[in-house]
Amino acid sequence: MPTLIPKLTTWRADLPASIVVALVALPLCLGVALASGAPLFAGIISGIVGGIAVGLFSKSPLSVSGPAAGLTVIVLTAIESMPSYQMFLMAVVLAGVLQICFSLTRAGILSEFVPSSVITGMLAAIGLILILKQIPHAVGFDREAEGIFEFSTANGINTFSRILESLSAAVTPGAILIASVSLAFLFWWDGAKPKNGPLRFVPGPLVVVLIGIFGNTLLGAVKPEWHLKATHLVQVPVTQTLSQFPSLFTFPDFSGITMGVVWTSAVTLAIVASLESLLSVKAVDEIDPRRRTTDKNWELMAQGGGNILSGLIGGLPVTSVIVRSSANVDAKAESKLSTMLHGFWLLVSVALIPAVLNLIPLSALAAVLIATGYKLTKPKLFTERYKQGWTQFIPFVVTVGAILFTDLLEGIVIGLAVGFVFVVARNFRTAITFACDDEDCLVRARRNLYFIHKYELQKSLDRVPDNANLLIDLSSTSYVDLDNIDIINAFIKGAKYRGITVVIRGDLALRTVKLINAPQTEVRFA
């Protein structure tokens, strides 16, 4: 087994990337905690655990874990249904144990059956959602917490109505100015960033954060009415002294282990968190420039261990999260050292400089996320899928639309359903070739035969005339399911009554077709 300790040789790329991811992760951790009805610091805890602990044990080089937007409704319901938050933490610990059990049963293999069109659709949808959800924050309309990616909220507000509301309300000029300057810088920096010299290590998002902090300070001095107040800034819990920092951690109540509601929540969290992690890791492998492949069963083990630790110290459930992971890839990270360092930066910053973090404008971070979203959903991605044909393009756009108008997991299920329809449709195309020249006939399988080909095979064999010489050619197949084998065997058994000579060609026939010889019927292999 390869070592889990990351190599330090990539630190020049991973160090600046980790800072970018930490800046992106911070408001998302707080936003998910707020939407989940949990203490704000619980989101920070799960971000730290997802970075350091899961990052250490995961074999994914670029995936980043933390509190997930896709679990907010489940977490909120679980917290409200339990006597205390400490009981909920017990459910998080149990969910981690169940994930380790999933790993031991090799459940991670399920992610390999997700079509690439659905995975790229998920990435494009996340990109669009990032752009749409960050527009209100970019104009200073911060009523909706960061990290909320569902289309509709409980109060009936959806993504588009929120944008219209933000643009029709009294927008904040200072936020718009900071977001505009930040976006302009990020897109300029992508093309102008030096390839050599020390500036190549400077992450654009870090510069944007500095633009936001100093820009807002400058506005306070020269145009006070544009100065951003606390409601438009990051809001990290602050302790008066470092010695008070441990008091922010909470521990589970183990007396709830026998309660049915705890186990119900644990099972639900384990299943949904596992699915989201597997899909996210699969997507990150797709956008990894080096196209490395992650061991999905081991990833479930790492995620389970992370949830056990997060639950033990007061955090929310963790999953691999595509937004942070995409930011990590976009920041040119090369190994999981970036993931681990991002967790370290979160820990150090909330412990030592929370007051500084609370100076960061949400509009500056919105610019970072909008730029990241654009890179995930460039128009080129849609044109490439269109050129690949309808069987790829339709599942892709359906997945994009479904995720955009529901949420991540519902959209993925819809995308998978549509993708499966196209898989079945492709396999319904003609798989059998039939030809007859007087008494010489051919039934040839052009590709592997599955249960959906039973009718076509039976129909072709029914066309063979009496007293014919039939060649059944299976040389192009590597698999024929038992239903089709039974059809072939039944035909051979009845051939004696029709005077048909049967010849079977192909190595597969020697291994799978159980021949039934009868008098007056010649069956042999070619």
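A residue is called buried when its relative accessible area is under 20%. By that yardstick, buried residues make up 53% of the 526 residues in this chain. Keep in mind as you look around that this is a predicted model.

**Figure 1. The whole chain, with its 20 helices and seven strands.** Welcome to the overview! Along its principal axes, the C-alpha trace spans about 100 × 55 × 50 Å. Count the contacts between residues with a separation of 6 or more, and 79% of them join residues 24 or more positions apart. The chain exposes about 23200 Å², and carbon and sulfur atoms supply 65% of that area.

**Figure 2. Helix 3 and its buried face.** Helix 3 covers residues 72-81, and its buried residues are T72, V75, A78 and I79. Seen down the helix axis, these buried residues fall within an arc of 130°, so they line one face of helix 3. Here is a handy rule for reading such a pattern: an α-helix has 3.6 residues a turn, so residues three or four places apart point the same way. What do the buried residues of helix 3 pack against? Their partners are helix 1 (11-36), helix 4 (85-104) and helix 9 (260-287). Now look at the face turned away from the buried side, where you will find the exposed residues V73 and E80.

**Figure 3. R385, a buried arginine with no salt bridge.** R385 sits in helix 15, which runs over residues 379-387. Which side chain of opposite charge is nearest to R385? That is E286, 5.7 Å away. A salt bridge is counted only within 4 Å, so the separation of 5.7 Å between R385 and E286 does not qualify. Leaving aside residues up to four places away in sequence, R385 touches S116, S117, T120, Q392, F393 and F396.

**Figure 4. The salt bridge between E165 and R143.** A search of the whole structure finds eleven salt bridges, and the next views show some of them. In this one, the side chains of E165 and R143 meet with N and O 2.9 Å apart. E165 lies in helix 6 (residues 159-168), while R143 lies in the loop between helix 5 and helix 6, so the pair ties together parts that are 22 residues apart in sequence. Are the two residues buried or exposed? E165 is partly exposed, at 24% relative accessibility, and R143 is exposed, at 61%. Both belong to a network of salt bridges that also includes R162.

**Figure 5. The salt bridge between D190 and K375.** The closest N and O atoms of D190 and K375 are 2.9 Å apart. D190 lies in helix 7 (residues 173-192) and K375 in helix 14 (residues 362-376), so this pair ties together parts that are 185 residues apart in sequence. D190 is partly exposed, with a relative accessibility of 42%. K375 is partly exposed too, with a value of 28%.

**Figure 6. The salt bridge between K223 and E225.** These two side chains meet with N and O 3.1 Å apart. K223 is partly exposed, at 29% relative accessible area. Its partner E225 counts as exposed, at 56%.

**Figure 7. A nonpolar patch on the surface.** Which residues make this patch? L242, L352, I353, V356 and L359 build it together, and its area is about 460 Å². One of them, L352, belongs to helix 12 (residues 337-352). L352 counts as exposed, because its relative accessibility is 56% and the cut-off is over 50%.

**Figure 8. Two loop residues with positive phi, R106 and K332.** First, some background: most residues other than glycine have a negative phi. Phi of R106 is near 60°, a positive value in a residue other than glycine. Look for R106 in the loop between helix 4 and helix 5 (116-138), where it is exposed at 56% relative accessibility. For K332, phi is near 70°, again positive in a residue other than glycine. K332 is found in the loop between helix 11 (322-330) and helix 12. With a relative accessible area of 59%, K332 is exposed.

Definitions and conventions: Residues numbered from 1 in each chain as written. Predicted model: local features only at pLDDT ≥ 70, side-chain atom pairs only at ≥ 80, totals over all residues. Heavy atoms only, no water. Helix = DSSP H or I, 4+ residues; strand = E, 2+ residues; numbered from the N terminus. Buried < 20%, exposed > 50% of the residue type's maximum accessible area, 1.4 Å probe, protein only. Lys, Arg positive; Asp, Glu negative; His and termini not counted. Contact = heavy atoms within 4.5 Å. Patch = residues over 30% accessible without salt bridge, like charges linked within 9 Å, V, L, I, M, F, W, Y side chains within 5 Å. Areas by Shrake-Rupley, 256 points an atom, 1.4 Å probe, with all protein chains shown as cover. Arc of directions from axis to C-beta.
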